[in-house]
Structures are given as C-alpha cells and as structure tokens.
Amino acid sequence: MEEWVGERWHRFIWRAADASYREAAVELEEVTRAVQMLFRAGGGDPLVRVVPATEQKIGGPRGWLQKVAGQGERAALSTLDEETLALPPVIAVFPDKELNRDLYLWLAAQGACLDVTRDGWLEQNMAATRHALERFPGLKGRYARLVRAHLAQRPPPGRLRGGAREMEQAIQDTLRASLADLAGATEQMAEVHASSPLLNTSPHSTPLPTTQPATVAPVWLWLQASETLQTAESTAQEPDPEAEKNKKQQEEDQKPIKQDTKRRRAQRTEDSTSKDGLMMFFRLESFLSWSEFVRVNRTGDDEDNQDYSKVADDMEELHLAHRQPGETLAARIKFDLDLPSASADDLPAGEGDPLPEWDYKQAALLPDRCRVQRFRARAPEEFATESEQVDDPAQAALAAQLASSDSRLRRTSRQVRRRFEALRAAPRWQHGLTQGDELNLDDWVRFQVDRRSGGTLHGESPAIFSRRVKSGRSLSTVMLADLSLSTDAYATQQARVIDLVRDTLFVFGDALEGVGDPFEMLGFSSVRRSIRIHEIKRFSESWDEGARQRVAAIRPGFYTRMGAAIRHATRRLAERPERQRLLLLLSDGKPNDLDHYEGRHGLEDTRHAVHEARQAGLTPFCVTIDQTANAYLPRLFGTNGYALVHRPEQLARALTQVYVRLTAAAR
Amino acid sequence: MPSAYEFLAARAVNSAIMNAGYRTEPSSAVASAIPFYAEQAGECRLFEHAYQQKLPVLLKGPTGCGKTRFVEHMAARLGRPLITVSCHDDLTAADLVGRYLIGDGNTVWNDGPLARAVRTGAICYLDEVVEARKDTTVVLHPLADDRRVLPIERTGEELQASPEFMLVVSYNPGYQNLLKNLKPSTRQRFVALVFDYPEPEIERRIVEAESGADAVLSARLVKLAAALRRLTDQDLEETVSTRLLVVAARLIVAGLPEPEACRAAIVDALTDDGETAAALNEVVQAVISQ
C-alpha cells in the first residue's frame with residue numbers, strides 16, 4: 001500500500017513539476033539524418049557521429065514544485081568532442097513541436113561552426129553562432145524565434161546572486177546581441193564583448209572552461225566542447241596491456257546484451273588510493289605484514305549483481321582507472337587460452353613482412369608499425385600423424401563440415417557458376433546488325449533478294465553488318481575475408497557470421513573457377529600490430545580439395561586491423577600482370593584492434609589504405625553485413641565502393657552479384 | 001544511323017555529308033557568337049598553345065563543371081568548326097572512322113565524324129572517351145602522337161591530318177564505373193587539363209551570366225553549392241554541379257519560388273533516396289531563406 005501511494009505521488013508530482021512539453025517532444029532519431037547532413041554541410045568533421053547525450057548535472061534555479069519532485073537536477077546537454085556530436089535524445093523544451101525540431105537543426109549548425117580550439121564556453125558559442133548564421137542565412141528566422149522563446153524561459157538575472165547573476169547577465173546579453181545582430185547591427189556583438197565584465201576579466205591568464213558552467217540554467221541553443229578527451233589521451237599513450245585486454249573482453253561479453261551507443265563522459269584517472277594494507281604502521285607487526293602482504297585488489301570480486309549499464313547512466317563521469325596488478329584472474333586466463341600455442345597453430349608461411357600504418361594525428365605514414373604473417377592451415381593428414389589418432393575429432397569435424405557444405409551449397413553453387421560462365425568471354429561474331437565493322441555476305445545476299453523481289457520495304461539501315469564482340473578479360477581478384485572474433489556472433493537464427501563467410505567462400509571459389517579469372521583467397525585477423533593472414537588459396541594454386549578444406553577450417557579469432565590487411569592484399573595484387581585488379585573485402589564491422597586501433601584511428605588508417613590501393617591502380621570494394629555500415633563505409637570506400645547486404649543469409653548470392661556487376665564492365 | 005551517335009558541328013563542314021544522315025548544326029562564325037566561358041586558371045592560354053603545337057588535349061573533371069562549354073568556347077575563339085561525339089559503351093572505331101553504306105545496288109563509303117574532322121581540319125571533341133569501346137584506342141593512338149594520321153582500314157587509306165585538326169577528349173575520373181579507366185598509354189599521349197568546380201566568385205559570375213539572375217541570388221546559390229559539396233563522399237555520389245546551379249537560377253528567374261526550384265533542380269537531381277532528399281532539403285532551407 002505504501003509503495004502504491006508512493007508511486008502515485010511520484011507520478012503526480014513529477015507531472016505537476018515537469019516544465020517540459022511532452023506533447024511537443026521531438027526525438028533525435030526522427031531528425032538524425034538531417035542533423036548529420038546539416039552538420040557536415042556546415043563544415044563539421046565528416047567522421048563525427050551524431051549520438052544521444054547522457055544526462056548530467058545542470059544548474060539554474062528551480063521552482064518549489066520541481067524541488068519537491070526532485071526534478072530539474074539533471075539534463076542531457078549537447079556536447080561536441082573529437083568523435084561525436086552528442087545531442088539530447090529528446091527535446092521538449094518548447095511548447096511548439098516545430099520549434100523543438102528547429103532546435104535540433106540549429107544545434108547541428110552551431111556544432112558545425114564550433115571552434116574547439118578557442119577558449120571559453122561563452123566565447124566559443126558566440127563565435128559559432130555568428131559563423132552559423134553566416135553560413136546558413138536561411139536559419140536566421142528560425143534562430144530568432146528560438147532565441148526569443150528561450151529568453152522568455154530564462155530566469156531574470158535580478159533574482160540571482162553572485163557569480164550566477166553575472167554569468168546569467170552575460171548569457172542573456174549575448175543572446176540578445178545575436179538577435180540584434182540579425183537585424184543588421186554587427187557592432188553590437190563587439191560592444192557586448194567589450195562591456196561584459198565577465199568576459200574581460202583576464203581572458204588569457206587561465207584557460208576558460210569549455211563546458212557549461214554549473215551555476216546557470218542550461219542554454220539549450222549552445223553546445224559545450226568536451227575537454228576531458230584531451231586528458232584521457234595523454235595518459236592513454238602507453239596503455240596497460242592486461243587492462244586493455246580485459247576491458248575488451250568485458251565489452252565483448254556485454255555486447256550482445258545491450259547495444260548502448262550513448263556517449264558517456266569518461267575520464268582516465270590514476271587509481272591512487274592504496275587500500276593494499278598498511279605496512280609500516282606498527283614496528284613490531286611490520287615483519288608479519290611483510291610476509292602476509294599479498295597484493296590483492298578485491299574491488300572486482302565484491303560487486304553485487306546490479307544493472308551496470310544503468311549505473312553508468314547515472315554516474316556523472318566514468319572513471320577508467322589504470323590498474324597494473326590485481327586484474328581478476330579469470331579474465332586473464334580466458335584470454336590466454338585464446339592464443340593458440342605454436343604447435344596447434346597454423347603453419348606460418350615465410351617471414352613476416354613489415355607494413356606501415358597511417359597516423360591521422362601526425363598525418364604521416366609510420367613505417368614498420370605492423371608485421372604481417374601469412375599462415376597456412378595444416379592439412380588434415382598432418383593432424384592425423386601428429387596426434388596419431390585415426391578418428392581425430394578435429395578432422396572428423398572438418399570432414400563433416402566439408403560434406404555438409406557440399407550438399408547444402410551444391411545448388412547455389414551450380415547456379416552461380418553458370419551465371420559466371422556467361423562472363424567468360426570468348427571472341428565471337430555477332431551478325432545481323434544494322435551497323436558494325438564488316439559487311440556480312442549472307443545477310444547482304446538475303447537483303448538484296450528481298451529488295452529485288454520487291455515485296456518488302458526496307459528501312460534506311462538494313463541488318464547486314466557483323467561485329468566482333470569484345471573479348472579478352474584481364475582481371476585478377478584478391479578476396480579478403482574478415483575472420484575476427486566478432487564473426488563468432490550469430491547473424492541469423494541458425495548461422496554464425498563465420499558460417500556464412502565460409503559458405504560464401506565456397507560458392508565464390510567455385511564460381512570464380514568457372515570464369516577462369518585468377519584469384520587469391522585470404523582470411524585475416526590481428527592481435528595488436530601483428531596481422532595474421534590465413535592463406536586459403538594462392539594465385540598460383542588451383543581451387544582443389546586442399547583449398548576447399550582450408551575454407552572449411554577457417555575459424556574466428558582476434559581483431560580486425562583492416563588497414564594492414566588491405567595493404568597486404570594491395571601488395572599481392574600489385575604484382576599481378578592483369579590490367580584490372582579487384583580487391584574484395586568481406587567484412588562484418590568496423591576496423592578495431594587492441595592498441596588504439598578503434599574508432600577514428602582505425603577508420604583513418606583503413607581509409608588511407610584504401611586510398612593507397614586506388615593509387616596502385618586497384619579497385620577496392622567492400623561487402624559488409626554490418627547494418628550500421630552506412631555511417632562509416634562511404635568515408636572509407638566511397639559511396640560506390642561498398643555494398644551492404646541486408647539479409648546475411650543471402651551473403652553468398654549477394655557477393656557474387658556484386659562481382660558480376662563490378663566486372664561486367666571488364667569486357 | 002543518327003541514333004548510334006549524336007554529334008554536333010559548330011559549323012557546316014560538308015553539306016554533301018549532311019545528307020548522309022548526320023545531324024549538324026550550322027552556326028554563324030561571327031566572333032560575337034563566342035559562347036560565354038569564365039576562365040579559371042589560364043586554361044585558355046594552355047589550350048591555344050596546344051593548338052598551335054598540334055597537341056591533343058585531355059580534359060578531366062567532374063560532370064557539369066564546364067568541359068564541353070570550354071571546348072565550344074575555344075573552338076569559336078580559334079575559328080575552327082567543332083565536331084562533338086558523345087561516347088557510349090557501344091561506340092566502335094567504325095562509328096568514328098566511317099563505314100560502307102548501302103547505296104542503290106552498291107556500297108558507298110561514308111566518313112565518320114573523326115575522319116571528317118581530320119580531312120577538314122576541325123576540332124574533334126570526344127566526350128566521356130572512356131565509355132567508348134576499347135578498339136577506338138587503335139584509331140586514336142596514331143592520331144594523338146606526332147604521326148597525326150588516321151588509318152582507315154577498310155579503304156586502305158591513310159589520312160594525314162590537316163594542320164588545323166585538333167583532337168580533344170574528356171573523361172570524368174570520379175565516375176561510377178569502377179573498372180573503366182583510361183589506359184596509361186592512351187593518357188600519356190595527351191596534354192592534360194584538370195577542371196574542377198570554379199571558385200565561388202567565378203561561379204557566381206557564371207550563374208549570373210548564364211541565367212540572368214541578380215548578384216544576390218547567384219551568391220546565395222553558390223553558397224548553397226559550397227555547403228552541398230561538403231557532403232560528397234559521405235552522403236552523395238555526385239555533388240551539385242555548376243550546371244545544376246544555372247538550371248536552378250533559370251527556374252527562379254523564370255518566376256518559380258526559390259525552395260521549389262532548388263528542390264526540383266538540385267535536390268531531386270542529386271538523389272533518388274527519399275530520406276536523403278528530405279535531409280538535403282533541410283540543408284537547402286537552411287541556406288536559402290524562404
């Protein structure tokens with residue numbers, strides 16, 4: 001009963017105090033596309049994603065009702081950092097739906113013009129507004145309406161005290177000045193800048209914060225630039241390997257449970273609290289503590305089962321600690337098992353090759369950053385001799401795998417192959433054309449007979465010509481398949497991604513063999529800077545039982561260092577004599593690896609690798625089943641450089657279609 | 001026959017051949033009829049030098065940036081007739097050189113546009129040359145180097161080009177066709193001229209001159225183009241060209257409201273995807289005030 005009353009009360013008071021206009025709410029999802037485009041069109045970095053922002057503490061006076069309801073303490077503020085433009089997931093600030101929608105668009109324009117290198121939140125936003133209005137004069141009318149509506153909501157500065165009052169005054173002056181600015185008086189802005197006491201107090205002695213000050217109510221029209229990112233990066237230079245691995249592992253574990261794309265404020269902090277025991281506290285006992293002292297950090301074990309993602313939402317900042325020792329043992333062992341021992345691993349083929357990597361921050365290609373090692377799956381006979389077991393389970397599984405794929409894929413394979421054989425162009429003559437290179441005597445005689453017999457009228461251009469149909473395809477292909485651990489996930493109800501990739505390779509290999517174009521088939525994965533390239537079929541080999549067995553033996557593992565794999569394939573293709581060379585990449589997600597090869601660095605490196613491939617005269621093309629690929633692949637491969645397969649079970653068919661389409665031009 | 005290739009002669013070259021079914025458009029050779037062209041970076045001078053040195057020219061640049069207009073302009077300036085051939089993937093060497101046609105009971109040789117240009121000393125412009133079939137390179141190669149001859153296999157003739165003849169080809173490097181590209185051996189025979197969309201100020205002048213729009217309107221359209229061009233690669237395959245801007249400006253000058261004209265001439269011309277079009281419209285609205 002008490003609980004029921006409490007709930008009712010909460011609902012009632014929450015509604016009564018709620019100052020937002022729910023019926024006019026606009027969700028970010030409805031406008032994401034427009035926001036993204038407007039942001040880029042305004043000059044924003046094309047790699048910045050638009051994401052929902054998390055709530056954080058806000059300031060400003062609250063009404064008594066809000067205080068009673070515990071409302072108005074937190075809100076999602078718009079934030080811009082290196083990789084994301086975080087906007088409130090829902091905007092219900094104004095009673096007019098149109099106005100709320102315009103606010104989103106305005107934030108995109110403002111965000112595109114925000115110069116993060118400037119000092120101070122107020123200054124940044126002031127300059128950004130001016131720029132945005134210059135760039136998008138069409139927004140002027142809407143901006144004026146937004147400012148007027150927002151000014152009406154802001155608390156009068158007279159009711160505030162101290163620093164808040166000054167700040168509020170400065171904000172309102174700036175907003176009003178920008179309104180006047182619209183009317184044409186450009187000097188006003190400068191005047192405010194000079195007269196505002198807040199702005200004049202030692203502007204450059206200390207760097208002004210770029211975040212929204214906690215003393216005033218949020219300015220919905222403005223953004224804050226995230227400054228925590230820089231500090232995070234400085235400490236993250238040499239990341240602790242174990243911690244990183246561990247973190248990764250946890251991420252992998254949590255991934256299927258909840259796809260959470262919210263941008264959280266994160267800050268890397270040194271874990272300086274030493275809870276590891278007191279040593280020199282009591283002289284007599286110090287001997288004992290020396291022997292007893294074991295460096296155990298139990299923080300990881302003592303946590304109860306709560307909803308961590310909820311906790312993460314509630315926290316103001318996530319503190320990512322650098323912890324050297326005391327990682328939970330279980331995680332470490334789990335990871336070590338993942339690395340195959342040398343005897344169980346595939347056979348390395350040749351020495352590894354060093355490869356460069358692109359660093360977008362330095363805008364330079366760093367030589368010898370990675371090492372690529374080619375591997376070759378052991379032939380099944382070797383398995384048998386080594387383990388001296390006739391019914392080796394691994395081999396049996398492999399054989400079963402091969403047999404099942406054979407029977408399952410036979411039909412598709414045959415269809416695709418037939419289709420591909422049409423591509424195998426042989427020189428031939430086409431007759432009965434109204435125009436062509438040569439006169440065809442048969443047609444000519446027939447035409448003359450028709451004409452002399454006088455019965456039929458003939459057109460201006462009788463069909464008496466023949467033409468040689470183009471032949472001589474000169475095309476080689478490298479097929480790169482992503483074999484990272486993420487392919488272990490289920491793509492459909494029945495099949496994992498790796499299974500689909502395996503099927504695709506079977507069908508594709510069969511089909512290409514039918515066309516007669518030379519091709520090489522490689523799988524790739526990576527652990528940090530060492531790239532594992534699994535040889536499935538070399539150019540020099542034929543598509544035989546051995547190659548098919550190697551396809552059956554592919555298994556997921558490790559990460560996706562896409563750039564290095566593309567560079568390796570580029571080198572392989574560059575040696576080929578064919579005039580047209582196609583680099584096909586089969587992928588299931590973004591590039592990523594342990595050491596920073598995530599997010600922007602990975603994308604930029606991959607982009608550069610693709611660019612290098614183009615420079616080398618190759619045609620890179622990516623086929624992916626990642627449904628979010630539209631957000632990043634155009635940047636990497638160009639709008640025409642990739643295909644997104646919406647139904648993963650259709651991967652094999654889709655890939656062959658792509659191949660036909662790409663190479664049909666190569667007559 | 002005309003359906004196979006469409007070509008245009010800036011001046012009547014040979015009235016006898018006109019009867020064979022080619023569409024030629026005679027135009028007055030008066031200097032005042034020189035088509036408008038705003039020079040971007042000394043390309044006119046370069047073209048003139050190439051003409052005097054009898055060198056073939058390769059124009060590359062995105063669609064609608066003024067390649068064709070440039071050639072028309074230069075041909076008029078140099079006082080030469082222009083023969084334009086828009087290449088397509090079925091265009092063969094015979095289409096360029098010529099072929100036997102059926103006359104009354106016998107065959108008659110008929111020069112193709114290229115052969116005619118070589119004979120009469122015209123400027124021959126092959127638009128989108130990569131689209132043509134690969135065998136066309138066979139006839140282009142001897143013409144494009146210092147031999148300047150056009151071998152006509154069927155008649156056994158070897159045509160020496162007249163001194164005024166000039167070969168101009170164009171292609172669009174960023175074009176969708178992934179596997180079609182100029183062979184290096186072809187490319188290296190030409191003097192290359194790179195085109196891009198003009199600087200804002202020049203582009204504004206072009207829009208103004210082509211559409212009769214006032215300075216304010218054309219400046220606004222150019223600003224819109226700048227915003228939309230930042231979207232290439234990520235959201236759009238091809239970006240807004242100067243040609244599209246001119247089209248939009250002409251619609252507006254003709255009396256259509258600005259947002260409507262921009263939607264019809266620019267947004268819907270750039271994309272077929274409804275969602276993208278809606279988002280693009282937001283960008284247009286943000287730049288063009290209602």
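In this predicted model, B:Arg69 counts as partly exposed, at 29% relative accessibility. Its side chain meets that of B:Glu72 in a salt bridge, with 3.9 Å from N to O. B:Glu72 is likewise partly exposed, since its relative accessible area is 33% and the partly exposed class lies between 20% and 50%. The two residues are separated by about one helical turn, because they stand three residues apart in helix H3 (residues 67-78) of chain B. An α-helix has 3.6 residues a turn, so residues three or four places apart point the same way.

A second pair in chain B follows this spacing. B:Arg204 and B:Glu201 are three residues apart in helix H8 (residues 200-211) and are therefore separated by about one helical turn. Their side chains form a salt bridge of 2.9 Å, N to O. Here B:Arg204 counts as buried, at 18% relative accessibility, whereas B:Glu201 is partly exposed at 45%.

Over all chains, the whole structure contains 26 salt bridges. One of them joins B:Glu282 to A:Arg142, and the closest N and O atoms are 3.9 Å apart. This pair crosses between chains, from helix H12 (residues 274-287) of chain B to helix H6 (residues 140-153) of chain A. Both B:Glu282 and A:Arg142 are buried.

The next step is to consider chain B as a whole. It has twelve helices and ten strands, and 52% of its 290 residues count as buried. Among the contacts in chain B with a separation of 6 or more, 70% are between residues 24 or more positions apart. The accessible surface of chain B comes to about 12400 Å², and 49% of this area belongs to carbon and sulfur atoms.

Helix H6 of chain B illustrates the buried part of the chain. Eight of its nine residues are buried, including B:Val139, B:Leu140 and B:His141. The buried residues of this helix pack against several elements of chain B, among them helix H5 (113-120), strand S6 (123-127) and strand S9 (166-171).

Helix H6 (residues 136-144) of chain B also gives the most to the lining of the second largest cavity, with three residues. Rolling a probe the size of a water molecule over the atoms shows where empty space is left. The structure holds eight cavities of 30 Å³ or more, and the second largest has a volume of about 110 Å³. Twelve residues line this cavity, of which B:Val129, B:Val130, B:Lys134, B:Thr137 and B:Leu182 lie nearest its centre. By class, the lining comprises five nonpolar, four polar and three charged residues.

Key: Residues are numbered from 1 along each chain as its sequence is written. Chains are lettered from A and ligands numbered from 1 in the order in which they are written. This is a predicted model: local features need pLDDT of at least 70, side-chain atom pairs count only at pLDDT 80 or more; totals for chains, interfaces and linings use all residues. Side-chain values use heavy atoms; hydrogens and water are left out. On a 1 Å grid over the protein atoms alone, a cavity is a set of points where a 1.4 Å probe fits but cannot get out, and a pocket is an open set with protein on both sides within 12 Å along at least five of seven lines; lining residues have an atom within 4 Å of a point. Grid points are joined across faces, edges and corners, and a volume is the space filled by probe spheres set on the points. Helices (H or I, at least four residues) and strands (E, at least two) are DSSP runs, numbered from the N terminus. Ala, Val, Leu, Ile, Met, Phe, Trp, Tyr, Cys and Pro count as nonpolar, Asp, Glu, Lys and Arg as charged, and the others, Gly among them, as polar. Buried means under 20% relative accessible area, exposed over 50%, partly exposed in between (1.4 Å probe, protein chains only). Contact means heavy atoms within 4.5 Å. Accessible areas come from the Shrake-Rupley method with a 1.4 Å probe; for residues, only the protein chains shown count as cover. A salt bridge is a side-chain nitrogen of Lys or Arg within 4 Å of a carboxyl oxygen of Asp or Glu.
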